[in-house]
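Student: I'd like to go through the salt bridges and a sheet with you. Can you put the model up?

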Amino acid sequence: MIGLRLRQLVFASIVALIAYVFAANVMLPASMGMALDSYSLTIIGKYLCFAMLAVALDLVWGYCGILSLGHAAFFSLGGYAMGMYLMRQIGERGTYGHPVLPDFMVFLNWEQLPWFWYGFDAFWFAGLMIFFAPGMLAFVFGWFAFRSRVSGVYLSIITQALTYALMLAFFRNEMGFGGNNGLTDFKDLLGYPLASNGVRVWLMLASGLALLLSLFLCQKLLATKFGRVLVAVRDSESRTRFLGYRVEHFKLFAFVMSAMIAGLAGALYVPQVGIINPGEFSPLASIEVVVWVALGGRGSLYGAALGAIVVNAAKTFFTGSYPEAWLFFLGAMFVISTLYLPRGILGALEDLAQQVKGNAPKLSTEELS
Amino acid sequence: MIPVTQAMLYLDGLSVSFDGFKALNNLSIDLAPGELRAVIGPNGAGKSTMMDVITGKTRPDAGVALFLGRHDLTLLDETQIANLGIGRKFQKPSVIETLTVEENLELALVGNRSPWQAIMQILRPQDRHSMSEVASRVGLTDALDQLGGTLSHGQKQWLEIGMLLLQEPKVLLVDEPAAGMTDSETLKTAELLKSLAGEHTVMVVEHDMEFVEALGCKVTVLHEGHVLAEGSLSHVSSNDEVVDVYLGR
């Protein structure tokens, strides 16, 4: 019950945040002085995108036991899809003023647009690719990995290799994604200038709504029998197989869905930070996501979202005020959460609340709601 | 396809070796439809390996394993075999510990196993009815909301038998059901398995001789991966070889 209330609290905080920004920045006149500035909006929007990525990872790791160390790859692919749209919106306003080719292609003396850039001038097409590109990668990768029953640490290692390989590939200029520099210098989104405060407000609101939507969708999915099969796969894969379930299909479904949520998060992230480059594919980025989820509470979607926000808020603070201490702090948080918070922040809060109420803490379980 | 044998389960000349160790050595057994059969034998006799071959976990090096005289079990995987109608209870009780008893039963409930179906499925009244019926049959009616991990060893065994029943399999492979049970529970289990025979074909692997006696069925004795003797319990226990390798003098 207390667990439920804490989850409602997390959900309500996100709703409140969205409502506040909507009221203060959109509805009320600026003279009231309640509106958030661009910097805060961007920071919050970023955190919300990271929270979505954490929810995506928790769906497969927390509930299905697939420890993906390559989830940043799906995030980045969604980001690149959005970046490609934004690049094509620049048009003649680029440094070289070419009507079709983005600057980096002109710089590389390319004559025409590569085929895989076709269609990205249309928002609806880019919008589809945001889901399709990461989803397809997850599908192909998962199809082979799960069918061959690659699991546990071996799966983690190859997901890490996957994101590393993508990083190396995207670093190459010949790939046609801007190489080392990635995609940047974006001008506008759907005709509105990205630098304007209004667009930043809407991007932050969209990130918040997307986070709520993904939390809601995952929660609904996990509340069905599908969710219970996932838990059964996590806890006893071979048993589930002997019950007649095609384990690889269940894993694949969850993995693809998770990749698509990660892709959407990446797509919302890129216009807010204004750049996407191959560094986003770095193995470390994926491992950080695992830290967020572990710290927030693996096996609880709200815990994962909370973990992402807490760790990134700490990151903003430390890298600003004590840059040299950040990595030590990150390491310390991971050690502490492993040793003392096996169920993460949310789990620890639940136990604490139980004790305050005078009840003995329940047997630790991952609850499914 | 025309059945090539009348047997429900037909194993002939099965051999499996692990790193040179012959876990099964030319093993042949067949079970008639509706039969209850006890399989006994010392540790390492190949009982679990035989079940692994039947359920698709292990591929034999040689031999034939036919289900209903027409399904070649050596070509199918665990999921396909489970869906054909061969259910298995493991030696170590393996219920899903983080799900409740009711949820465990729901997972086992016979029906379409596709992911899409799992998302759309809503329990029908008759599903709830058969689940509660099985729950009362295995004595877990009061524990439906309890997590699988909190059950006692004996209760887990019962839950697993209950899950097996809800799968409505044609063949039940039951590995050491009485382990960790009290004497009265053991007798109750034997009664339950006996009541299942006829409608289902049941193969029970067991060490507990009192339990085998209570089953009162045909007994197969395995030793070093092949069948040493077969017949009624009194018949096999008077067999000198069986006494030497298993029962002891």
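Student: Is Lys194(B) buried or exposed, or partly exposed, and what is its relative accessible area?

Tutor: Before that, some ground rules: this is a predicted model, where local features need pLDDT of at least 70, side-chain atom pairs count only at pLDDT 80 or more, and totals for chains, interfaces and linings use all residues. Residues are numbered from 1 along each chain as its sequence is written, chains are lettered from A and ligands numbered from 1 in the order written, and side-chain values use heavy atoms, leaving out hydrogens and water. Buried means under 20% relative accessible area, exposed over 50%, and partly exposed in between (1.4 Å probe, protein chains only). Lys194(B) falls in the partly exposed class, with a relative accessible area of 36%.

Student: Which residue does Lys194(B) meet in a salt bridge?

Tutor: A salt bridge here is a side-chain nitrogen of Lys or Arg within 4 Å of a carboxyl oxygen of Asp or Glu. The partner sits three residues away in helix α7 (residues 183–196) of chain B, so the two are separated by about one helical turn; helices (H or I, at least four residues) and strands (E, at least two) are DSSP runs, numbered from the N terminus. That partner is partly exposed too, at 47% relative accessibility. With N to O at 4.0 Å, the partner is Glu191(B).

Student: How many residues apart in sequence are the parts tied together by Glu350(A) and Arg7(A)?

Tutor: Their side chains form a salt bridge, 3.9 Å from N to O. Glu350(A) belongs to helix α14 (residues 344–357) and Arg7(A) to helix α1 (residues 2–27), both of chain A, so the pair ties together parts whose separation is 343 residues.

Student: Are Glu350(A) and Arg7(A) buried or exposed?

Tutor: Glu350(A) has a relative accessible area of 8%, and for Arg7(A) the value is 6%. A network of salt bridges links them with Arg343(A) and Asp351(A). Glu350(A) is buried, and Arg7(A) is also buried.

Student: Over to the open sheet in chain B: which strands stand at the edges?

Tutor: Four strands line up in the order β2-β1-β4-β5, with antiparallel pairing; two strands pair if DSSP finds at least two bridges between them. Each edge strand has a single partner, so one side of it is left without a neighbour in the sheet. The edge strands are β2 (21–31) and β5 (71–72).

Student: Which residue in β2(B) stands opposite Leu11(B)?

Tutor: Strand β1 (residues 9–18) of chain B runs antiparallel to β2(B), and seven bridges join them. Opposite Leu11(B) in β2(B) is Ile29(B).
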